[in-house]
Amino acid sequence: MALRKSIIHPQKALIKKILKRCSSLGKKQQDYDVPKGHFVVYVGENRSRYIVPISFLSHPEFQNLLHQAEEEFGFDHEMGLTIPCQEHVFESLTSMLK
């Protein structure tokens, strides 16, 4: 019987990458106020800081934002997870997801 490698769904792989990146940001002084089960994103031209629940990662609308972020910024930069959209759009989306 041959061993079969498990195939990770692309969105699951993306979520794992995001969680790994977010967990490495916890070493900064400003990130100590992030409650368990949440992570920080930066949104808009001014890079406003938002704390969002990890449960948002399972919503297709939020995943679309993450794909845009990956395409524009990648996940390997010092600024943290940056979402490329206007703040009012982000706030509208997150208020619908709550």
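Reading from the N terminus, the elements of the protein follow the order α-β-β-α-β-α. That comes to three helices and three strands. The model is a predicted one, and everything below is worked out from its atoms. The chain has 98 residues, and 35% of them count as buried. About 6900 Å² of the protein is exposed, with carbon and sulfur atoms supplying 54% of that area. As for how the chain meets itself, take the contacts between residues at least 6 apart in sequence: 52% of them join residues at least 24 apart.

Now for the inside. In soluble globular proteins, nonpolar side chains tend to be buried together. Here, the largest nonpolar core is made of 17 residues. Val41, Val52, Phe62, Ile83 and Phe90 are the ones with the most contacts inside this core. Two or more residues apiece come from β1 (38–43), β2 (48–53), α2 (60–73) and α3 (87–97). The largest share belongs to α2, which puts in four residues.

Valine 41 gives a good feel for how these pieces meet. Once its neighbours within four places in sequence are set aside, valine 41 still touches Ser48, Arg49, Tyr50, Val52, Leu81, Ile83 and Phe90. Among these partners, Val52, Ile83 and Phe90 also turn up in the list of core residues with the most contacts, as does valine 41 itself.

Helix α3 is worth a look of its own. Its buried residues are Phe90, Leu93, Thr94 and Leu97. These residues sit on the same side of α3, because the arc they cover around the axis is only 95°. On the face turned away from that buried side, α3 carries the exposed residues His88 and Met96. So what lies over the buried residues of α3? The cover includes β1, β2, α2 and β3 (82–83).

One residue of this helix makes a handy close-up. Threonine 94 belongs to α3, and the question is whether it is buried or exposed. Its relative accessibility is 9%, so threonine 94 counts as buried, the cut-off for that label being under 20%. Leaving out residues up to four places away in sequence, threonine 94 is in touch with Val52 and Phe56. Val52 is one of the core residues with the most contacts, and it is also a partner of valine 41.

Notes: Residues are numbered from 1 along each chain as its sequence is written. This is a predicted model: local features need pLDDT of at least 70, side-chain atom pairs count only at pLDDT 80 or more; totals for chains, interfaces and linings use all residues. Side-chain values use heavy atoms; hydrogens and water are left out. A nonpolar core is a set of buried Ala, Val, Leu, Ile, Met, Phe, Trp, Tyr and Cys residues joined through side-chain atoms within 4.5 Å. Buried means under 20% relative accessible area, exposed over 50%, partly exposed in between (1.4 Å probe, protein chains only). Contact means heavy atoms within 4.5 Å. The arc is that of the directions from the helix axis to the C-beta atoms. Accessible areas come from the Shrake-Rupley method with a 1.4 Å probe; for residues, only the protein chains shown count as cover.
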